[in-house]
Amino acid sequence: MRRDAVYDQRAQQGALPVLVHDDDGGTAESLLVLTPDQVELYVIQFERLISQREQAQGNAA
């Protein structure tokens, strides 16, 4: 989904709009709510995924 994540200072949570894909092919819009610790964990995991993708693209060339 192409909407920005937002941070709620009062609740100390971030929220990211997501599109959930069901096994039957259906989809539903939802909101992924994360604590700051969870955001930091996902940053590390996404950086790892990006690095793996870049390495795979380099190997394919």
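Which residue in strand 3 does Val-20 stand opposite? The partner is Ala-28. Welcome to this predicted model, where that pair is a good way into the sheet.

**The sheet**

Three strands make up an open sheet in the order 1-2-3, and their pairing is antiparallel. Strand 1 (6–8) and strand 3 are the edge strands; each has a single partner strand, so one side of each has no neighbour in the sheet. From one strand to the next, the twist averages 35°. Here are the two pairings side by side:

| Strand pair | Direction | Bridges |
|---|---|---|
| Strand 1 and strand 2 | antiparallel | three bridges |
| Strand 2 and strand 3 | antiparallel | eight bridges |

To find a bridge between strand 1 and strand 2, look at Asp-8, whose partner in strand 2 is Gln-13.

**The helix on the sheet**

Helix 1, residues 36–60, packs on the sheet and touches strand 1 and strand 3. The direction of helix 1 makes about 110° with that of strand 3.

**The hairpin and its loop**

Now follow the chain around the turn. Strand 2 and strand 3 form a hairpin, with five residues between them. Gly-25 sits in this turn and has a positive phi of about 95°.

Asp-23 lies in the loop between strand 2 (13–21) and strand 3 (27–34). Is Asp-23 buried or exposed? Its relative accessible area is 86%, and exposed means over 50%, so Asp-23 counts as exposed. Between the C-alpha atoms of Asp-23 and Tyr-7 there are 31 Å, while the two residues are 16 residues apart along the chain.

Conventions:
Residues are numbered from 1 along each chain as its sequence is written. This is a predicted model: local features need pLDDT of at least 70, side-chain atom pairs count only at pLDDT 80 or more; totals for chains, interfaces and linings use all residues. Side-chain values use heavy atoms; hydrogens and water are left out. Helices (H or I, at least four residues) and strands (E, at least two) are DSSP runs, numbered from the N terminus. Buried means under 20% relative accessible area, exposed over 50%, partly exposed in between (1.4 Å probe, protein chains only). Two strands pair if DSSP finds at least two bridges between them. Axes are lines fitted to C-alpha atoms, for helices over the stretch in contact, and angles run from 0 to 180 degrees between N-to-C directions. Contact means heavy atoms within 4.5 Å.
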